[in-house]
Amino acid sequence: MTAAETLNDHEVLPLVPLRDVVVFPYMILPLFIGRDKSLAAVNAALAGNRLLFVATQKEMMDSPDISEIHMVGTVVQVMRSFNLPDGRLKIMVQGVHKGKIIDFAAKEPFFQVRIEPLSEPETAAVGVEEEALVQLVKNRVNELVSLGRILPNEMNSVLRHVKDPGSLADLAAGNIGLSLEEMQELLEIFDPVARLRRLHVLLSREIEMQSVQNRIQNQARDEMNRHQKEFFLREQIRAIQSELGEGDPKSEDIDDIHQRMEKAGMPEKVRAEAEKQLRRLEMMHTEAAEYSMIHTYLDWLVDLPWNHSTRDNLDLIKAAQVLDEDHYDLEKVKERILEFLAVRKLTKKLRGPVLCFVGPPGVGKTSLGKSIARALGRKFTRISLGGIRDEAEIRGHRRTYIGALPGRIIQGIKQAGTNNPVFMLDELDKIGADFRGDPSAALLELLDPEQNHAFSDHYINLPFDLSKVMFIVTANIIDPIPSALKDRLEILRLAGYATEEKLAIARRFLVPRQLEANGLKENSLRFPDATLLKLISEYTSEAGLRNLEREIGGICRKVARTIAEEKKPPLVISESTLAKLLGPPKFLPEEERRDNEVGVCTGLAWTETGGDVLYVEVNIMEGKGQLNLTGHLGDVMKESAQAALSYARAHAPALGIDPALFARKDVHVHVPAGAIPKDGPSAGVTLTTAIVSAFTGRKVKKDVAMTGEVTLRGKVLPVGGLKEKILAAIRAGIRTILIPRRNLKDLAEIPPKLRKKVMIRGADNMDEILAEALEEKA
C-alpha cells in the first residue's frame, strides 16, 4: 500500500507554493526548492510520509501571503531528493491527486494546510462522443507537434495508450506550453469531459498561433535568403565588371558626388561636413539602411546654391519700364523697388529688404512680386503659408525621421537655383499654430536681416546665408500677424482700385490676356470703354480685379464657342450685349438714398476685401427710453451707438432736442445687410448723425458720407483704411466725404485724380459734422 493510498480526508500536509508551474495528477517532474519555508516543508515531508501539497501562486513573489496562493492544487509524492551546491534542493515528485485547501493549520516555520481530496465524478463506460473527443484531442496534439512544438520524448507513447478523458486532459495540459492561468483553469475543472473540451479549445488556439509563427519565420527566412542571393549576385556582377574593365556603380556614384561638391562652392564649414559624410558613405554597403539617407543628404548639400547668385539689373530706367509694363499705378511700391536698386548700385553690401504687401484680394500682390523679380533680373520663387501649422514646414525635419526633408524655405532656394532670388511668402495672415509648433515663430529668424545670414534648417543642420534674398510677404489684413513678426516687416499697403484705374487695367492687361487665353485674335473682339465701365459698376463690386477678369473671360469663352460652332460672332461687345452674355446686372446702385431722409446716414467701412458703404437707419417711437440695436453689430459698434446716444442726450439743448423725449422714446438703430457681421469704432460719427437727425427731424444729405470715431464730448478721432473708404464712396457716387481732421495728412497717399472726384472735408468735433451733413429746418 502506497503513501497516497493511506491519505485521509482533511489530513494536514506541508505546503510548497510554486511560482512557475502547475502540477497535474500523474505528472512526474523535478522541482527546485530554494526558499526557506519551502525547504522546511520538504524536509518535513521527507521525515514523514513523503507527501506534499503543491499549489501555484497568483503572483510571482518571494514571500506569498495566504491570499496569494490558489486554493486548488495537487498532492504529490517526493520520489527522490538531491542537495545542490548552491544550497537549493532538487526533488523529483509525482502528482497523486487533486486537493483543495480547507484551512491553514500553520504558517510558521512553513505552511501547513488541511486538505480535502478531490476525486473526479464517477462516469459510466466511455461513450462514442467521449471516445471521439479523446481521439480528436490526440490528433490535435500530434498536429501541434508536427508544426514544431516540442514535447517530452515519452509523451507521444503515453498519449497513444491513454483512453480516460480526465487522464488525457491532465497529461496534455501540463506539456503543451499553456500559460499558468490556463493550466490552473484546467486543474480546477473537475468534470473530465468538460476539462477535455476546454483543452480542445486551447489546443486549437495554440495550433493557430504556431502556424502564424511558422509563417512569419518562413517569410523572414525567405527574405534573408533573397538578400543573401542578391548580395552574392552583386558580388559576381562586380567581379565581372572588374574583369571587363568597367567601373563600380558605387564608386561612380561617389565620384559624381565628389565632382559636384567641387563645383558647389561650399563654405569651409559646410565642405568639412560634406566630406565627413562622404567618407562615411564610402565605407558603407549600398544595401545598408543608412546609405540612402546619407546619399540624399549629400545630394541636398551639393545642389544648394551656396555661392551662385544672379547679377542684379542696376539700370533704373529699364527697371522702371518693366514695372510700368506689368502694373498700372502702385507708384509707392515701384518707388521703393527703384530706391533699393539705387542703393544697390552704390553699395554691394546691401542686405535684401523684407517687404510686406497688405491689401484686399485681387489687387496684384503676387503678380507684383513676379514683376519685381523681372525688373531686378532675379529668379522668382513662391510658397503659400496659408494653413501651415507645423514648424517643420519652415525649418524642415531632423534627419533621424524616416522620409525627412528640408523645410520649404530651403526647398524654394534649391528650386530657384540662386542664393539671391525674390522669395514670396503668400498669405502670412492665414498661418496657423498647434501642438507641432508655431510656424510664425520660425519665421522670426528667417525674416530678420540681422539673423538670416546664418539660417539653420533642421535637416541641413548647417548655416545658410539668406541675407541676399529679397523676401516679399503678402497678407490681406495686418492684425493676425504677431507683433514681433510685424516689427521685422516693411509694410506697404495696396488699396483697391478706382473705376478709372480698373478701366485702364482692363484695357491694358485683362482684355488682351483673356483674348489670348481663349484663343481669340487681338483685334477679333473689342470692348468699348462704356462696356467696360458698365461691367465694372454693375457686374462686379470689389476692391481688386479678379471678378472683373473672370467676367471678361466669361464673355471671351462665349464668343469662342460661337466661333467654334461656325456662327457669326459679335465683333464689339456693347452695353446691350452684356445682359445677353452675362445675364442681368449683379450689383445695382443703392436705392435707399435717392432723397434726403431723416434718421438715415451714409457711413464708410473698411473690410478685408476693400472699402464699403453702409447705411445707418434710426427710428424713434413711444417707449421707455430703451436703445435697440440690430444688424449683426459687434461689441465695439454697440458701444459706439451707446456713446452716440449719450452725446445726443448730453447736448440735447444745444442740438434743439427736448431732453424729455429721451425718457419716453425708444431708439431703434439698424444697419442693413443683417447677415454680415459689422464692427469697429469708425461708425461713431455716422451713428451720432443718424440719432441726432431722428430726434431733430433734420434730414441727412444723401450725397454725404462720413467716417470717424466719436467721444462722449463730441470729439472726432482718426481712423484707418482711409483710401479704401474713399474708393468705396466714389463707387457709390458720394460727392462729399467727412473725415477726422487728423486724417487729412493721409490724403497725401491718395492720388490727386481720386481726390478731385469728391470733396473731402476734415472735422474736429460733431458740431462740424452735423453742420455739413444735416439740412437746416424749413
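A residue is called buried when its relative accessible area is under 20%. The legends below use this term for a predicted model.

**Figure 1. Helix 15 and the buried residues within it.** Six positions of helix 15 are buried, namely P439, S440, A442, L443, E445 and L446. Because 6 of the 8 residues of helix 15 are buried, this helix is largely enclosed by the rest of the structure. The cover over these buried residues includes helix 13 (392-395), helix 14 and helix 16 (483-486), together with strand 9, strand 10 (455-456) and strand 12.

**Figure 2. The largest nonpolar core.** This core holds 52 residues, of which L301, L425, L443 and L447 touch the most other members. The helices that give two or more residues to the core are helix 7 (249-263), helix 8 (268-283), helix 9 (289-303), helix 14 (408-416) and helix 15 (439-446). The strands that do so are strand 7 (354-358), strand 9 (422-426) and strand 12 (470-475). Helix 9 gives the most, with 7 residues.

**Figure 3. The surroundings of L301.** Leaving aside residues up to four places away in sequence, L301 touches M266, V270, A274, W306, I460 and L462. L301 is also one of the residues that touch the most other members of the largest nonpolar core.

**Figure 4. A second nonpolar core.** Separate from the largest core, a second core is made up of 49 residues. Among them are V54, V76, A173 and L186.

**Figure 5. Strand 1 and its two partner strands.** Strand 1 (residues 12-18) is mostly covered, with 6 of its 7 residues buried. Strand 1 runs antiparallel to strand 6 (residues 112-118), and 3 bridges join the two. Within this pairing, L13 of strand 1 stands opposite V113 of strand 6. With strand 3 (residues 51-56), strand 1 pairs in the parallel sense over 4 bridges. Here V16 has V54 of strand 3 as its bridge partner, and V54 also belongs to the second nonpolar core.

**Figure 6. Confidence along the protein chain.** The mean pLDDT of the protein chain is 85, and 94% of its residues reach 70 or more. Confidence is highest in strand 22 (residues 716-717), at 94, and lowest in helix 3 (residues 155-161), at a mean of 72. Over residues 1-6 the pLDDT is below 50. In the model, this stretch has 6 contacts beyond near neighbours in sequence. Where pLDDT is low, the predicted coordinates should not be read in detail.

Notes. Residues numbered from 1 in each chain as written. Predicted model: local features only at pLDDT ≥ 70, side-chain atom pairs only at ≥ 80, totals over all residues. Heavy atoms only, no water. pLDDT = per-residue confidence, 0-100. Contact = heavy atoms within 4.5 Å. Buried < 20%, exposed > 50% of the residue type's maximum accessible area, 1.4 Å probe, protein only. Pairing = 2+ DSSP bridges. Core = buried A, V, L, I, M, F, W, Y, C linked by side-chain atoms within 4.5 Å.
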